[in-house]
Structure formats: C-alpha cells, structure tokens
Amino acid sequence: MFYEKEKPFPSDFLWGASTSAYQVEGAWDEDGKSPSIIDQYEHPKEYADFKVASDHYHRYKEDIRLFAELGLKAYRFSIAWTRILPMGTGPVNPAGIRHYEDVMDECRKYNIEPIVTMYHFDLPYCLEEKGGWGSRETIEAFVEYAKVLFEQFGKKVKYWLTINEQNTMILHPGAIGLPKGGKLPSKKELYQQNHHLMLAQARVMKLCHELCPDSKIGPALNLAAMYPETCNPKDAIAAHNWEVLRCWNFADVPVFGWYHPLAWQYLLDRGLAPKVEEGDKEILKGARPDLIAMNYYSTAAIAASRGDALDVSARAGDQQIMLGETGVYRAADNPYVEKTKYGWVIDPSGFRYTLRKVYERYHLPVLITENGIGAPDVLEDGQVHDDYRIDFIGQHLKALRLAITDGVEVIGYCPWAALDVVSTHQGYKKRYGFIYVDRDEFDLKEMKRMKKDSFYWYQKVIEENGAGL
Ligand code: BG6
C-alpha cells in the first residue's frame, strides 16, 4: 500500500541496539560465574570460542559511554544466569548482582533504558547435567532465578524479555552448540523441552506482574513471514505449515495459552506431543505478555514437499541449520531478493509484512530486539566503511516506518548488534556491530573499540528521530 504521507516514528521511540551475555562479555569463569552450556558445548574449531568474546564484562563503562555517544535510548543485553546463581539455584552470587547493577546504573547515567533478556541460550551447565530443559526441575530453577532478578533489579528495569529465540533453540539446536559427545536431543525430547520452557515462561511472566507491576514483559522470538514459491495452492499450504511451526506456534502459547491448532495436530500425528501434566493448561492460560519482542533477519520461500531426499537441505550451506521436512515443506529459492555474504536473504519488505502479521495476530506492542547484517568487515586505517550495513538497516527502518504507518504499534528498534560480538556459530569474522572490536578470530590484540561508518550514520538517524530516512 502506498501512502500520501507516512507516520513519523513516535517521539518516545526506543532507538537501541542489542547484545547477549555470552557473545559479548567474556570473563567466562570470573567473579564466581559457573560454566553455562555454551562454555561446555562443542563449537566449530575454526571459529573463536566465547571465553573472552568482546571483553564487555571488563569494558562495559567504555562501551556504554560509546552507546551514549551513538545516541542510544535503549540497550538490550542479557543477564548470565551463571553469574547470578552459579549453582543454577540456591546461593546468590553478590558479584554477579553488583555487575549487572553497575551496568544498569551506567545506562541510566546516560538516560539509556536497560532492556533485559533473562535467558539467551546459556543454561547453567550444572542444570544441564541434571536433565536441562528436559527436566521439570529446570522450570522451578528458572522461576527461582527470575524471582532474584525481579527482586534485585525490579526498580531499575522496565522492560524484561523472558527467553531469546525459543524457536531457534527447539528447531535448530545445533546452531547453539553440540552437547558433549555430539548428540542432539531427538525431536520428541525437544518438544518436551519446549513445553517446559513455555511453562517456565508463563510462570515468570505472572511473577513479573506480581512483583514488578510497572514493568513490561514478553517473549523474544525469531519471527519471519514465509512466501509460497509459486501461486500453486500446495506451495501456499506448505509456506503456511512452516510459518506456523516456525513462528506462530511459539508465540501463540504465551499469548493465547495453548499451542497453535495446526502445530498441535502435527505434534500429535507424529508422536511428538509433549507430556502435559495436570495444572499445565492453567499455568499457560494464567499468564499473558505485555509485548512481543521480535528478532527479524530474513524471510524464506517455501515449496510443497515432494517426498524425496531433497526435501531437507542446509540453509545457505550451513549444516547447523537444516530446513525442510517430508510431508510438511521444502525450502525454495526467492529470485526477488538479494543475499548477504553469508547467504541470508535480505528482505526489508518482508520485515513490514511480518510486522503486519504479528500485530494482526496478537494486537500487542512490538519491540524489535534484533535485526542486522553479518559481514566480514574490513578495518582500513582505523576505519570501517560498512555501507552495506547502512543500506541494510536504512532499508529496514524505512520498511518499519511503513509498518507503523500501516497501523502496527512498534515501540522500539534494537538492531544486532551494539558492538561486534562472537556470532552464535560462525565466529568473529562475521560482524554485526556499529562499533568495531579490534580482535581476530584467535588473536585477541588490544580489543580497541572503533566507530564504523554505520555508527555515525545511526547516530544521525537517532538524532533526527528517523525523519531523514
Ligand atoms: C539470533 C540470536 O538468532 O541471531 C543471536 O539471538 C545471534 O544470538 C544472531 O547472534 C545472529 O546470528 P549468528 O548466527 O550470525 O550469530
């Protein structure tokens, strides 16, 4: 739809940027922190590990000062459970509390709103050893951890995000790392874990509303619309199948209190449905988020399954992310979009389209918690000319403004990433930040921070509240 006049970004729009604890902090075993699954899992050897990352744990003051110079109104980061409760439950680690209090105070000093993700892939390893998300005890542990967070930081944090990309954890667990021995859980086990995550999330949302009535809380999911490869109705059904299984099934449970009907039928039919205990339905129905946090990177084109070996393929040659399922859908190519150097589809209009779908389905404010382009940035004479990032984010912001004009309530935009971080499974060469961190895959150098061209560009966007886009 074209408009004579587009709506401006709201005056209190949360212009932000994101990171996650394990990808940016480093200090993996300092000040009482215990190992998380990320620290113990196997990761591809050709890439950097997460032990030092961008050393944000030690340099957060310098980093937040740079965020202030960038003009950020919000900083989305995650808290490492392993710093707060090193044993997963039980004794609270005062050094962990102090660290995040300092980070929040430092943000507030510059009027930057801290947006806190409670869980970004990094389960305490000691809980994993007791069964991880496959065990109902982990639900209790998460509620205990959340209670500590709400009690300690409730006055400092207005926006809480429960779990980052639960759909990635369940659908593409290999992207987060391989458990020792290299064996991933079965699909059946994963959907049981998913059910436990849903219960944990519902209990924590309810607890947040009781303990921090002025705060807002919601899930952070990776959401993306799916296009049928052709107007063949069979392709349309397949695209819908995957959109439901990939996206709506994960957002329907927190919002409506039960699984998407099509997804539930799929789970029953394939013997993948989780064991639901007495009282679970009440727990799921008893909580509702205040917002939907959305990570958006790219869409996909989908064709009907042909029932042959080619139904399943690796996304952009990345063996950790397999797409397609016989009898459900098959990944296809979209000739109308460009791709990043890592083969990810670049689709700003798909951003608008996804936002429309999210809002018409849930009628909840949307906070963009990730969006960005991973690229092998090049440092030349202390400068990084990342015009591709300026172009990518600029196009997505224009699409976002159109979505706002369409009537979608979007309260903020926190692209990935505030500064360079270690990618989930593709190391340090694949960079996302506005601030370059001078280290290589294995040579840590001095980790000097340098402003990329996109830094100055985003600074201006924020200064003008997006008017110049
Ligand atoms: C999201 C995650 O899936 O995408 C981030 O929440 C991640 O943790 C980001 O870094 C980009 O993916 P990748 O694999 O390129 O790091």
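**Exercise 1. Sort the lining of the largest cavity by class, then describe the cavity.**

Step 1. The lining of the largest cavity has 6 nonpolar, 3 polar and 5 charged residues. The classes are fixed: Ala, Val, Leu, Ile, Met, Phe, Trp, Tyr, Cys and Pro are nonpolar, Asp, Glu, Lys and Arg are charged, and the others, Gly among them, are polar.

Step 2. Note the ground rules. This is a predicted model, where local features need pLDDT of at least 70 and side-chain atom pairs count only at pLDDT 80 or more, while totals for chains, interfaces and linings use all residues. Residues are numbered from 1 along each chain as its sequence is written, and side-chain values use heavy atoms, with hydrogens and water left out.

Step 3. Fix the term. On a 1 Å grid over the protein atoms alone, a cavity is a set of points where a 1.4 Å probe fits but cannot get out; a pocket is an open set with protein on both sides within 12 Å along at least five of seven lines; lining residues have an atom within 4 Å of a point. Points are joined across faces, edges and corners, and a volume is the space filled by probe spheres set on them.

Step 4. Give the volume. The largest cavity holds about 90 Å³ of space.

Step 5. Name the lining. It has 14 residues, and A21, Y22, G26, K33 and D39 lie nearest the centre of the cavity. At least two lining residues come from each of α1 (21-24), α2 (37-40) and α4 (81-84). Helices are DSSP runs of H or I with at least four residues, strands are runs of E with at least two, and both are numbered from the N terminus.

**Exercise 2. How many cavities of 30 Å³ or more does the structure hold, and what lines the second largest cavity?**

Step 1. Count. There are 4 cavities of 30 Å³ or more.

Step 2. Take the second largest. Its volume is about 60 Å³.

Step 3. List the lining. Of 13 residues, E25, H56, F77, S78 and Y100 lie nearest the centre of the second largest cavity. Helix α1 supplies at least two of the lining residues, as do α3 (56-70), β2 (74-78) and α5 (94-109).

Step 4. Sort by class. This lining divides into 7 nonpolar, 5 polar and 1 charged.

**Exercise 3. Describe the largest pocket.**

Step 1. Its volume is about 810 Å³.

Step 2. The lining has 42 residues. R246, S298, R315, I321 and W344 lie nearest the centre of the pocket.

Step 3. Elements that each give at least two lining residues include α8 (166-171), α10 (233-256) and β10 (318-323).

Step 4. The classes are 20 nonpolar, 15 polar and 7 charged.

**Exercise 4. Place strand β5 among its partners.**

Step 1. Check its cover. In β5 (residues 216-222), 6 of the 7 residues are buried. Buried means under 20% relative accessible area, exposed means over 50%, and partly exposed lies in between (1.4 Å probe, protein chains only).

Step 2. Find one partner. Strand β4 (residues 159-164) runs parallel to β5, joined by 4 bridges. Two strands pair if DSSP finds at least two bridges between them. Y159 stands opposite K216 in β5.

Step 3. Find another. β5 also pairs with β7 (residues 292-295) in the parallel sense, over 3 bridges. Here N222 has N295 as its bridge partner.

**Exercise 5. Which residues come nearest the ligand?**

Step 1. Of the 15 residues around the ligand, Q23, E165, T424, K430 and Y432 come nearest. A residue counts as near if one of its heavy atoms lies within 4 Å.

Step 2. Add distances to ligand oxygen atoms. A polar side-chain atom of E165 is 2.6 Å from one. For an N or O atom in the side chain of T424, the distance is 2.5 Å. For Y297, it is 3.5 Å.

**Exercise 6. Inspect the backbone at A417, K445 and N465.**

Step 1. W416 and A417 are joined by a cis peptide bond, with omega about 15 degrees. A417 lies in the loop between β15 (410-413) and β16 (435-438).

Step 2. K445 is not a glycine, yet its phi is positive, near 45 degrees. K445 sits in the loop between β16 and β17 (448-451). Why is K445 classed as partly exposed? Because its relative accessible area is 43%.

Step 3. N465, also not a glycine, has a positive phi of about 50 degrees. N465 lies in the segment after α15 (453-463). N465 counts as partly exposed because its relative accessible area is 24%.

How values were computed:
A polar contact is a pair of N or O atoms within 3.5 Å; within protein, one must be able to donate a hydrogen and the other to accept it, and residues adjacent in sequence count only if both atoms are side-chain atoms.
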